[in-house]
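This report describes the strands, one loop residue and the empty spaces of a single protein chain. The chain is shown below, and the text then starts from its enclosed space.

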Amino acid sequence: MKVADRWFASESVGNGITRIWEPHVARLFQCNIWHVRGRDADLLIDAGMGISSLHKAIADLVDKPLIAIATHTHMDHAGSLHEFAQRLVHPCEASQLQHPDDFPVLCSHHWPGDMRALIEAQGYEVPEILIDAYPYEGFDPEAFRTPACTATGLVDEGQMIDLGDRVFEVLHLPGHSPGSIGLWDKDSGTLFSGDAVYDGPLLDTLPDADIRAYIKTMQRLQTLPVNIVHAGHDPSFGRQRLLELAQGYLAYRS
């Protein structure tokens, strides 16, 4: 397998927001990592797989205190959280952050139980190895584990994250996982939704998922006056697409 020239890619999406992703990770685990520039502090939403240093990759973007927050603790969203001094997560998933999955997460043939079959049944192709390049010579996918860390703070429904010139409200959006959260900027109508909703097959049958909670989350999302959703995976979208996705899920699970 080749060694990647660069592990991360990035693009500005406007309004002081940069999307960062890992192009050599299979689509299934190719998380959107969001950097939001604020006046007094910056915000990092999710942290990818932890295969290569995210801290180094975004060094040119960061010139002030950085708040790193995981929308949930699945391996594609919290892998590099340990690299940052301020690490926030919902209370339901703080223990998972400290004790991540102890198996070769990059090798699907080593996944426990029927995890691979459940994901494939919901519309995803799951390759044997979840990367198509190495971050450096000698990298061993079999030996890689999601790095553990301890949250430095907990965030729950209604709490505010103030960057000085923009404020995000924490929304508890369970279903995909117990502690899934979104970050809502009502002034601009911007929602960072994590994996509560994205423009692709939604995973609601994993061991920590809860379809009843997911239904309530979708009902709630329909009421938000969003202008744009920056999701945990796949492209960003507007309110009309959010309604289509929410209504489609509710019809599917009704």
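The lining of the largest cavity is made up, by class, of four nonpolar and three polar residues, with no charged residue among them. Since the model is a predicted one, this and every other value here is computed from predicted coordinates. The residues that line the largest cavity are T73, A78, Q96, L97, P100, T146 and P147, and the volume they surround is about 40 Å³. The count of cavities of 30 Å³ or more comes to one.

**Open pockets**

Rolling a probe the size of a water molecule over the atoms shows where empty space is left. The table sets the cavity beside the two largest pockets.

| Space | Volume | Nonpolar residues | Polar residues | Charged residues |
|---|---|---|---|---|
| Largest pocket | about 520 Å³ | 14 | nine | seven |
| Second largest pocket | about 240 Å³ | nine | three | three |
| Largest cavity | about 40 Å³ | four | three | none |

The largest pocket, with its volume of about 520 Å³, is lined by 30 residues, of which H74, D101, M115, L206 and D208 are the closest to its centre. Two helices, α2 (94-98) and α3 (115-121), each contribute at least two residues to the lining of this largest pocket. The second largest pocket, at about 240 Å³, has a lining of 15 residues, and those closest to its centre are R6, F8, A9, A57 and I58.

**The seven-stranded sheet**

A9, which belongs to the lining of the second largest pocket, also has a bridge partner in β2, namely W21. Strands β1 and β2 (residues 17-21) run antiparallel and are joined by five bridges. They are part of an open sheet of seven strands, whose order is β1-β2-β3-β4-β5-β6-β7 and whose pairing is mixed. The edge positions are taken by β1 (9-14) and β7 (153-154), and because each of these has a single partner strand, one side of each is left without a neighbour in the sheet.

**Strands β10 to β12**

Strands β10 (residues 181-185) and β11 pair in the antiparallel sense over three bridges, and one of the pairings places D185 opposite T190 as its bridge partner in β11. Four residues lie between the strands of this hairpin, in which G189 takes a positive phi near 70 degrees. Strand β11 (residues 190-194) is mostly covered, with five of its five residues buried: T190, F192 and G194 point one way from the strand, whereas L191 and S193 point the other way. With strand β12 (residues 228-231), β11 runs parallel and is joined by four bridges, and here G194 stands opposite A231.

**N32 and its surroundings**

A231 of β12, the residue opposite G194, has a backbone oxygen that the side chain of N32 reaches at 3.1 Å. A polar atom of the N32 side chain also lies 2.9 Å from the backbone oxygen of D234. N32 itself lies in the loop between β2 and β3 (33-36). Is this loop residue buried or exposed? Its relative accessible area is 1%, and because buried means under 20%, N32 counts as buried. Leaving aside residues up to four places away in sequence, N32 touches R19, I20, I45, D46, A231, G232, H233 and D234.

Definitions and conventions: Residues numbered from 1 in each chain as written. Predicted model: local features only at pLDDT ≥ 70, side-chain atom pairs only at ≥ 80, totals over all residues. Heavy atoms only, no water. Pairing = 2+ DSSP bridges. Buried < 20%, exposed > 50% of the residue type's maximum accessible area, 1.4 Å probe, protein only. Polar contact = N/O pair within 3.5 Å; in protein donor to acceptor, adjacent residues only side chain to side chain. Contact = heavy atoms within 4.5 Å. 1 Å grid on protein atoms, 1.4 Å probe; cavity = no way out; pocket = protein on both sides within 12 Å on 5 of 7 lines; lining within 4 Å. Points joined across faces, edges and corners; volume = space filled by probe spheres on them. Nonpolar A, V, L, I, M, F, W, Y, C, P; charged D, E, K, R; others polar.
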